[in-house]
Amino acid sequence: STLFPYTTLFRSIASHQVRATLVAGDLEGNPNRFAIRLLLPLSFAIARVVSARKWRPRLIALLFMAIMSWALILTMSRGSLLAGVVIILIFVLRIKLLRRRAVLVVLTAVVLAAAVPEGLVERVKHAAADRGAGRLDIWTVGLTALKHRPVIGAGFNNFPKAYTEFAGYAPHFTKIVNDAHNIYLAISVEEGVIGLLLFLMAVKMQFSVVSKSRSKVEKSKIMLVSCEAAFCGLLVAGFFGTIIWDKTFWFSLACLALATTLQPTKGSEDRALIRREGTV
């Protein structure tokens, strides 16, 4: 710490009791936010493990995948862990992952599962008892606020005001809340049902473009699948955290848009061949 003004540390890894996060001097990151920021690079690492043709880059990617997976586990973020599972499922569905290369991924998952900290197991067991760290009570208040202003909502960035107005409807949770811990609920309360429908339409349109692009790709679809898996993971993580204005969310969406645009298709390869031959 004397050599570097800012250090990156995992806290209490040995004890397996305190959630891991990033620490820089006196600043400490939010474990949930830290876990969310691991989803996109984790998806890229899995893609490299699956697509690498040589053992050396594959093993390097596997090492990075294991490190990020372990870091994700140590954050003990239940929503992000579920998002990580969704990312793997997308790979399984889109790429025929159940081959020899998948053995490395499966073995890594088994080893990490065997080394899961006790703190994470306890958090999962007590998910219902602590009402999702108070999220169920926040969502109850949010739904009540939505019932009173279902069409136009409470206004942009006004969820805290809406929560304060209807906080008495919370069964157990009574402290001041500034976060809906759910992007879909936050959009609904602030912009109403109309805002939520517009958001869902935008997401559906993006996935429609991805589907059309996937059907036209002649060669490897791995980068397209990787970006799609990461964005799906973030949409799942959005059920447990308000990440709609997080840079990771929009960067992942931008990567998905670029992946659909830059994927080489049969038609694009033919046009490139014509240009190289001098016809155009």
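Me: How many salt bridges does the count come to by this rule?

Reply: In this predicted model, the count comes to four salt bridges. The rule asks for a side-chain nitrogen of Lys or Arg within 4 Å of a carboxyl oxygen of Asp or Glu.

Me: What makes the contact between Asp 246 and Arg 33 a salt bridge?

Reply: The side chains of Asp 246 and Arg 33 meet at 3.1 Å, N to O, and because the cut-off is 4 Å the pair qualifies as a salt bridge. Asp 246 lies in the loop between helix 10 and helix 11, whereas Arg 33 belongs to helix 1, so that the two partners, 213 residues apart, link distant parts of the chain.

Me: Why is Asp 246 called buried, and why is Arg 33 called partly exposed?

Reply: Asp 246 has a relative accessibility of 5%, and because buried means under 20%, the residue counts as buried. Arg 33 has a relative accessible area of 27%, a value between the 20% and 50% limits, and therefore Arg 33 is partly exposed.

Me: How do you know that Arg 33, Arg 37 and Asp 246 belong to one network?

Reply: Arg 37 also forms a salt bridge with Asp 246, with the closest N and O atoms 3.2 Å apart. This pair, too, links distant parts of the chain, since Arg 37 is in the loop between helix 1 and helix 2 and Asp 246 is in the loop between helix 10 and helix 11, 209 residues apart. Arg 37 itself, at 42% relative accessibility, counts as partly exposed. Salt bridges that share partners thus join Arg 33, Arg 37 and Asp 246 into one network.

Me: What makes Glu 228 and Arg 94 a pair that ties together separate parts of the sequence?

Reply: The closest N and O atoms of Glu 228 and Arg 94 are 3.2 Å apart in a salt bridge, and because Glu 228 lies in helix 10 and Arg 94 in helix 4, the pair ties together parts that are 134 residues apart in sequence. Glu 228, at 3% relative accessibility, falls under the 20% limit and so counts as buried, while Arg 94, at 38%, counts as partly exposed.

Me: Why is the pair of Phe 156 and Trp 245 called edge-to-face?

Reply: The ring centres of Phe 156 and Trp 245 are 6.0 Å apart, which is within the 6.5 Å limit for a pair, and the planes stand at 85°, which is over 60 degrees, so the pair is edge-to-face. Phe 156 is in the loop between helix 7 and helix 8, and Trp 245 is in the loop between helix 10 and helix 11, 89 residues apart.

Me: What makes the pair of Trp 245 and Trp 250 stacked?

Reply: The centres of Trp 245 and Trp 250 lie 6.2 Å apart with 25° between the planes, and because planes under 30 degrees apart count as stacked, this aromatic pair takes that name. Trp 245, at 62% relative accessibility, is over the 50% limit and therefore exposed, whereas Trp 250, at 38%, counts as partly exposed. The structure holds eight aromatic pairs, and ring pairs link Phe 156, Phe 207, Phe 231, Trp 245, Phe 249 and Trp 250 into a cluster.

Me: How do you know that the charged end of Arg 58 sits over the ring of Trp 55?

Reply: The charged end of Arg 58 is 4.7 Å from the centre of the Trp 55 ring, which satisfies the 6 Å distance limit; the criterion also requires a position within 35 degrees of the ring normal, and the charged end of Arg 58 is counted as sitting over the ring.

Me: Which residues of the largest nonpolar core touch the most other members, and which helix gives the most to this core?

Reply: Phe 91, Phe 199 and Phe 249 touch the most other members of the largest nonpolar core, which has 49 residues. Helix 10 gives the most to this core, with twelve residues. Another core, of 15 residues, lies apart from it and includes Ile 138, Val 141, Phe 159 and Val 189.

Me: How many helices and strands does the secondary structure of the chain come to, and what share of the residues is buried?

Reply: The chain has twelve helices and two strands, and buried residues make up 43% of its 280 residues.

Methods. Residues are numbered from 1 along each chain as its sequence is written. This is a predicted model: local features need pLDDT of at least 70, side-chain atom pairs count only at pLDDT 80 or more; totals for chains, interfaces and linings use all residues. Side-chain values use heavy atoms; hydrogens and water are left out. Helices (H or I, at least four residues) and strands (E, at least two) are DSSP runs, numbered from the N terminus. Buried means under 20% relative accessible area, exposed over 50%, partly exposed in between (1.4 Å probe, protein chains only). A nonpolar core is a set of buried Ala, Val, Leu, Ile, Met, Phe, Trp, Tyr and Cys residues joined through side-chain atoms within 4.5 Å.
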